[in-house]
Structure formats: C-alpha cells, structure tokens
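Let's take a walk through this fold together, one helix at a time. Have the structure open beside you as you read.

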Amino acid sequence: MANYSMTEKRMSTSRRETRIAALQVLCEIDSVEHDPSEVIERRVIEGSFSRTSEDFLRSLFNGVIKKREEIDKMISEFAPSWPMGQMATVDRNLLRMAIYEMVMSDEIPPKVAINEAVELAKVFGSDSSSKFVNGVLGSVMETAV
C-alpha cells in the first residue's frame with residue numbers, strides 16, 4: 001500500500017474496508033462475547049476511518065446488533081440445514097450484515113449487499129463460504145425483498 005498520511009487514509013476508507021471492520025467486530029462479539037459497545041469503540045479508535053465511513057460502520061454494526069434476533073430467524077428459515085451454532089462464525093456474520101442491508105436498510109440495492117457479502121466470503125471464509133452465502137442471500141432476495 002502506498003505511504004499515505006493519516007488524513008489521506010481517513011479520506012480513502014472504502015465501504016468494503018468498512019464492512020471488513022464491521023465483520024471483525026461482529027465476529028469478535030460472536031466468538032468471545034466481549035461487550036459490543038466496547039468492541040466498536042475500540043475498533044473506531046484503532047481504525048483510520050473518514051467521518052462517513054465511521055458513520056457507516058456504526059450504522060451497520062448497530063443495525064445488526066439491534067435486529068440480530070430477527071435476522072437470525074431469517075437465516076434459520078433460509079438455511080434450515082445449518083443450525084446457527086454450527087455455522088462458521090464468518091459466514092453467520094456475513095449473512096447478518098447482508099440481510100440487514102438487504103431487508104432492513106435502504107442504503108444500497110440488495111444485489112450490492114449480496115455481491116459484497118460474497119466477495120468478503122471469498123476472502124475471509126472457507127472454500128465453500130461464497131457459494132453458501134450466495135445461496136442463502138439469493139433465497140432471501142427471492143422471498144423477503
């Protein structure tokens with residue numbers, strides 16, 4: 001990566017980088033049950049987010065946390081062969097983020113949310129994660145969106 005100053009870095013934070021930060025926070029909370037407000041505050045302090053990116057991170061994080069029970073019911077409905085506790089942490093949280101963006105937020109088109117989740121699954125998930133995430137989200141889109 002080029003040698004950017006802190007100001008330039010803060011200005012260039014992409015939505016994908018912000019989604020990665022949200023995924024990291026959600027996975028930490030999900031895996032080790034740290035306090036959500038402490039985890040998000042620490043991540044914001046450690047990160048070099050533009051104001052817009054920080055707002056997006058907080059919005060995505062807070063939305064998923066607030067709607068987690070409802071989102072998890074949807075995941076269970078659309079992936080009945082995979083109990084939530086047996087699903088990979090990364091896959092589960094990518095689905096949570098994408099379903100929140102697809103169904104409960106109107107910031108981006110559902111197809112963009114699916115594409116972002118699939119791309120992140122390719123990077124952070126197992127070999128089969130992207131297909132799994134795409135299949136579940138495709139079913140959500142057909143039925144719930």
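In what follows, two residues are in contact when they have heavy atoms within 4.5 Å of each other. The model you are looking at is a predicted one.

**A well-covered helix: α6**

A good place to begin is α6, where twelve of the 16 residues are buried, leaving this helix mostly covered. Buried here means under 20% relative accessible area. The buried set runs from Asp91, Arg92, Asn93, Leu94, Leu95 and Arg96 on to Met97, Ala98, Ile99, Tyr100, Glu101 and Met102. What lies over them? The cover includes α2, α4, α5, α7 and α8. The length of α6 also fits expectation: its end C-alpha atoms are 21 Å apart, in agreement with the 22 Å that 16 residues should span at 1.5 Å a residue.

**How α5 meets α6**

A pair of packed helices can be described by the angle between the axes and the distance between them. For helix α5 (residues 68–78) and helix α6 (residues 89–104), the angle is about 105° and the axes are 10 Å apart. Angles of 65 to 115 degrees count as roughly perpendicular, and α5 and α6 are therefore roughly perpendicular to each other. On the α5 side, the contact is made by Arg68, Glu70, Ile71, Asp72, Met74 and Ile75. Their partners on α6 are Arg92, Leu95, Arg96, Ile99, Tyr100, Val103 and Met104. Sorted by class, this contact has eight nonpolar and five charged residues, with no polar ones.

**Two helices with a buried face**

Now turn to α5 by itself, and to α8. An α-helix has 3.6 residues a turn, so residues three or four places apart point the same way. In α5, the buried residues are Ile71, Asp72, Met74, Ile75 and Phe78. These cover an arc of only 155° around the axis, which puts them on the same side of α5. Turned away from that buried side is a face carrying the exposed residues Glu69, Lys73 and Glu77.

Helix α8 (residues 129–144) has 16 residues and reaches 22 Å from its first C-alpha to its last, close to the 22 Å expected at 1.5 Å a residue. Buried in α8 are Ser129, Ser130, Phe132, Val133, Val136, Leu137 and Val140. Looking down the axis of α8, you would see its buried residues fall within an arc of 160°, so they line one face of the helix. Lys131, Glu142 and Thr143 are exposed on the other side of α8.

Which helices do these buried residues pack against? Those of α5 pack against α4, α6 and α8, while those of α8 pack against α5, α6 and α7 (110–124).

**Some individual residues**

Four residues with a computed accessibility are gathered here.

| Residue | Relative accessible area | State |
|---|---|---|
| Glu54 | 11% | buried |
| Ser59 | 28% | partly exposed |
| Glu77 | 54% | exposed |
| Glu33 | 67% | exposed |

Glu54 belongs to helix α4 (residues 51–66). Setting aside neighbours within four places in sequence, Glu54 is in contact with Val44 and Phe49.

Ser59 is found in helix α4 too. Not counting residues up to four places away in sequence, Ser59 touches Tyr100 and Glu107. Ser59 and Ala22 are 37 residues apart in sequence, and their C-alpha atoms are 9.7 Å apart in space.

Where does Glu33 sit? Its place is in the loop between α2 (15–32) and α3. Most residues other than glycine have a negative phi. Glu33 has a phi near 55°, a positive value in a residue other than glycine.

Arg43 lies in helix α3 (residues 36–46). Beyond the residues up to four places away in sequence, Arg43 touches Ala21, Gln24, Val25 and Phe49. One of these, Val25, is 18 residues away along the chain, with 7.3 Å between the two C-alpha atoms.

Finally, how far apart are the C-alpha atoms of Glu77 and Arg43? They are separated by 32 Å, and the two residues are 34 residues apart along the chain. Glu77 is in helix α5, on the face turned away from that helix's buried side.

Technical notes
Residues are numbered from 1 along each chain as its sequence is written. This is a predicted model: local features need pLDDT of at least 70, side-chain atom pairs count only at pLDDT 80 or more; totals for chains, interfaces and linings use all residues. Side-chain values use heavy atoms; hydrogens and water are left out. Axes are lines fitted to C-alpha atoms, for helices over the stretch in contact, and angles run from 0 to 180 degrees between N-to-C directions. Helices (H or I, at least four residues) and strands (E, at least two) are DSSP runs, numbered from the N terminus. Angles under 35 degrees count as roughly parallel, over 145 as roughly antiparallel, 65 to 115 as roughly perpendicular and the rest as oblique. Ala, Val, Leu, Ile, Met, Phe, Trp, Tyr, Cys and Pro count as nonpolar, Asp, Glu, Lys and Arg as charged, and the others, Gly among them, as polar. The expected span of a helix is 1.5 Å times one less than its number of residues. Buried means under 20% relative accessible area, exposed over 50%, partly exposed in between (1.4 Å probe, protein chains only). The arc is that of the directions from the helix axis to the C-beta atoms.
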